[in-house]
Each structure stands twice: as structure tokens, then as C-alpha cells.
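Thanks for making the time this morning. I would like to walk you through one protein chain, beginning with the overall picture and then settling on a single residue.

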Amino acid sequence: MSLYGISNLEEISKKIFIETTQLMDKNMKKYFIVSLVKNGILGGGIVADSEAITYHTGKLTIPQEYRHLVMKYEDISEVTKGWLFILPTVTVKMRNGNEYKFAVFFSRKRFVNTLKDMGVKEKML
């Protein structure tokens, strides 16, 4: 038996596992614990899927536009890493000029890499 030009069953299994994992990674949603930095720090989270990142918060004291903020990758012009005191941040700059700063807890590098994988460029400071 030969698949991918490989006759060893163990090597075939490894190849199929790698391809399946890559396919799942592209189609699965990724979750990040973040806070929107807007007139204070507003706790919430970001869900990244194949089309956009979406910030969600359950706080009712903030304007409706920030409770479910959808940022399509094609509308993001760049992202920049920074700091807010001791908190790692990512600023998302939109093509329309809006900017959103997020304090990203635990996984800033993975968050930025997710955006870069979707074609968003990172601006280095």
C-alpha cells in the first residue's frame, strides 16, 4: 500500500494527522481573554474565526457598539503590540481610521500570530 509515496503505515498515519490538524486549525474558532481599553478597562473576550475577530462583553454600562464589536480581517489595516503599565496590549487599527486597544491576557503572541495568519500586517514599533 502506498499513500503520498509512503509505504510505511506509521508514516502514513503521521502525514494524515498533520494534514487533518492543519485543516482543523484553519476552520476552528480561537478564543482570547482580553479587555477593551476604552474609558477604562472593559473585560470581555475575542473570538477569532475564518472571517473576523469579534470582541464580546456582557457589561451593560458601555455603549452598544462595543458589546459585540466585529472586526473583519479585510477591514484591519494593521496591529501593533504595546504595553499599558504592566499589561501587554494589541492595538487594532481599522482602514476607516478607528483604533481599538485590547489588553491581552496570557496569549498576546498567539493572538497576533492568528491575525498575521489571516493576512493582517503587524507594525513594529
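**From the whole chain to Thr57**

What you have in front of you is a predicted model, and the secondary structure of its protein chain amounts to two helices and eight strands. Reading from the N terminus, the order of those elements is α-β-β-β-β-β-β-β-α-β. Of the 125 residues in the chain, 35% are buried, and the surface that the chain exposes comes to about 8,300 Å², with carbon and sulfur atoms supplying 56% of it. As for the contacts with a separation of 6 or more, 34% of them link residues that are 24 or more positions apart.

Let me now turn to the residue I had in mind. Thr57 sits in the loop between β3, residues 52–56, and β4, residues 68–72. Is Thr57 buried or exposed? Its relative accessibility is 12%, and because the limit for burial is under 20%, Thr57 counts as buried.

Which residues does Thr57 touch, once we set aside those up to four places away in sequence? They are Gly43, Gly44, Ile62, Tyr66 and Arg67. With Gly43 there is also a polar pairing, in which a polar atom of the Thr57 side chain lies 2.7 Å from the backbone oxygen of Gly43. The side chain of Thr57 also reaches the backbone nitrogen of Lys59, in this case at 3.4 Å. Finally, if we look at C-alpha positions, Thr57 and Leu42 are separated by 7.7 Å, while along the chain they are 15 residues apart.

Note on methods. Residues are numbered from 1 along each chain as its sequence is written. This is a predicted model: local features need pLDDT of at least 70, side-chain atom pairs count only at pLDDT 80 or more; totals for chains, interfaces and linings use all residues. Side-chain values use heavy atoms; hydrogens and water are left out. Helices (H or I, at least four residues) and strands (E, at least two) are DSSP runs, numbered from the N terminus. Buried means under 20% relative accessible area, exposed over 50%, partly exposed in between (1.4 Å probe, protein chains only). Contact means heavy atoms within 4.5 Å. Accessible areas come from the Shrake-Rupley method with a 1.4 Å probe; for residues, only the protein chains shown count as cover. A polar contact is a pair of N or O atoms within 3.5 Å; within protein, one must be able to donate a hydrogen and the other to accept it, and residues adjacent in sequence count only if both atoms are side-chain atoms.
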